[in-house]
Every structure is written in structure tokens, then in C-alpha cells.
Amino acid sequence: MFALEELGLAYELEAVPDGTFYKNWGSPGPTLQDDDVFVIEPAAILRHVARRAGRLWPTSLVAQAEGDRWIDFLQRRLVRAFDANEPQKLAALLVFVEQKLAPGGWILGDDLTIVDCLYAYLGQDFAKARIPWEHFPALTAYIARMDARPALIRANAKTPR
């Protein structure tokens, strides 16, 4: 929803009563119905809306590959460390994010992209409680920049709790 708000796109949010977003797929998670296009998985959805809008995703193949790398890093490594409740592994992985963010700005440089919209995951309450923030000043500043964005504030206000 953060990316949709950043892009200024209209959308409808529908929560499924059993707590999933799409109960007929193998695992719970968000889905997107965009005219005749049906998309599942958060990163695929964000890539789709960014391509459709022509914003928030880099145009060069090099930058797209870098974006894909950081998306996979979040989904395959960081999220798994959170899910497995492995604080040492999580801290070791966050060192890479800290190094990437140390110059300031966003994951892919000077402009916010869908990669950053996905990394908003690190600013959610459950994640905030598990990150040893005192070791990650660049990540702390990054999450503060993200939290201050009006689009994220609007998305959080619309998110069912």
C-alpha cells in the first residue's frame, strides 16, 4: 500500500475474514487484480505497479538487477531470520543493509523506489522490537526518513490491525 500511496494510485483494500489476503492460493499474502492482470507476492505486485506507473523502479538493467538483489536479500534472508527468531543471524545480515545505507539516501541511491517500500517491513513494530538499533545508525536514519513520508503514514492508517 505504501507504493500505491507514493504513486497516487487508486486502490481498494479487501481483507479476507480468515486472516489471509487470498485464501485459494497456497500461502497467505497480498494479491493484486489490475484489470485482467492478477499478481501475487509482494515484490511481484510492487514491480507490476511500478512498471504500470512508470515510476519507483529504475530503467537501467544494472539498477534493476541491484534492486532485485536487495529485494531477494530482504525476502530470502532477512525475513527468514526474523521468522526463525535468530537475533545473531539477523544482526549479521543487517550489517550489509547498514553498509548500503551508510552514504545516506535510499537503497538504490538518491530516489525512493519499490525496494524501499518493501524495506518498510523493517519499520513495523514487530521488526523494530528485534533490531539492535544502537548498532545501526544508518538504518535508524533510513527508517526515520521512511516513517516521515506522507504516503507511508496514509498507508499505515489504512492498514487493518
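Q: Is T113 buried or exposed in this predicted model?
A: In this predicted model, T113 sits in the loop between α4 and α5, where it touches L56 and L108, leaving out residues up to four places away in sequence. A residue counts as buried when its relative accessible area is under 20%, and the value for T113 is 8%. T113 is therefore buried.

Q: Is A92 buried, partly exposed or exposed?
A: A92 lies in helix α4, and its C-alpha atom is 9.8 Å from that of L78, although the two are 14 residues apart in sequence. Buried means under 20% relative accessible area and exposed means over 50%, with partly exposed in between. Because the relative accessible area of A92 is 44%, this residue is partly exposed.

Q: How far apart are the end C-alpha atoms of α4, and what span should its residues have?
A: Helix α4 covers residues 87-101, and at 1.5 Å a residue its 15 residues should span 21 Å. The expected span is taken as 1.5 Å times one less than the number of residues. The model agrees with this expectation, since the end C-alpha atoms of α4 are 20 Å apart.

Q: Which helices do the buried residues of α4 pack against?
A: The buried residues of α4 are L90, L93, L94, V97, E98 and L101. In an α-helix there are 3.6 residues a turn, so residues three or four places apart point the same way. The helices that the buried residues of α4 pack against are α3, α5 and α7.

Q: Is α4 roughly parallel, roughly antiparallel or roughly perpendicular to α7?
A: Helix α4 and helix α7, which covers residues 137-147, pack with their axes 8 Å apart and at an angle of about 70 degrees. Angles of 65 to 115 degrees count as roughly perpendicular, which means that α4 is, with respect to α7, roughly perpendicular.

Q: How many residues in the contact of α4 with α7 are nonpolar?
A: On the side of α4, the contact is made by L94, V97, E98 and L101, and on the side of α7 by P137, A138, L139 and Y142. Among these residues there is one charged and no polar residue, and the number of nonpolar residues is seven.

Q: At which residue does α3 bend by about 30 degrees?
A: Helix α3 covers residues 61-83, and its 23 residues should span 33 Å at 1.5 Å a residue, which agrees with the 31 Å between its end C-alpha atoms. The buried residues of α3 include W70, I71, F73, L74 and L78, and what covers the buried residues of this helix includes α2, α4, α5 and α6. The bend of about 30 degrees in α3 is at L74.

Q: What separation do the C-alpha atoms of Q64 and L108 have?
A: Q64 has its place in helix α3, and, leaving aside neighbours within four places in sequence, it is in contact with W57, P58 and T59. Q64 and L108 are 44 residues apart along the chain, while the separation of their C-alpha atoms is 9.2 Å.

Q: Near what value is the phi of N85?
A: Most residues other than glycine have a negative phi. N85, however, which follows α3 and has its place in the loop between α3 and α4, is a residue other than glycine with a positive phi. The phi of N85 is near 55 degrees.

Q: Is D35 buried or exposed?
A: D35 lies in the loop between β1 and β2, and its phi is positive, near 55 degrees. Over 50% relative accessible area counts as exposed, and because D35 has 66%, this residue is exposed.

Definitions and conventions:
Residues are numbered from 1 along each chain as its sequence is written. This is a predicted model: local features need pLDDT of at least 70, side-chain atom pairs count only at pLDDT 80 or more; totals for chains, interfaces and linings use all residues. Side-chain values use heavy atoms; hydrogens and water are left out. Axes are lines fitted to C-alpha atoms, for helices over the stretch in contact, and angles run from 0 to 180 degrees between N-to-C directions. Helices (H or I, at least four residues) and strands (E, at least two) are DSSP runs, numbered from the N terminus. Angles under 35 degrees count as roughly parallel, over 145 as roughly antiparallel, 65 to 115 as roughly perpendicular and the rest as oblique. Contact means heavy atoms within 4.5 Å. Ala, Val, Leu, Ile, Met, Phe, Trp, Tyr, Cys and Pro count as nonpolar, Asp, Glu, Lys and Arg as charged, and the others, Gly among them, as polar. The bend at a residue is the angle between axes fitted to the seven residues ending there and the seven starting there. Buried means under 20% relative accessible area, exposed over 50%, partly exposed in between (1.4 Å probe, protein chains only).
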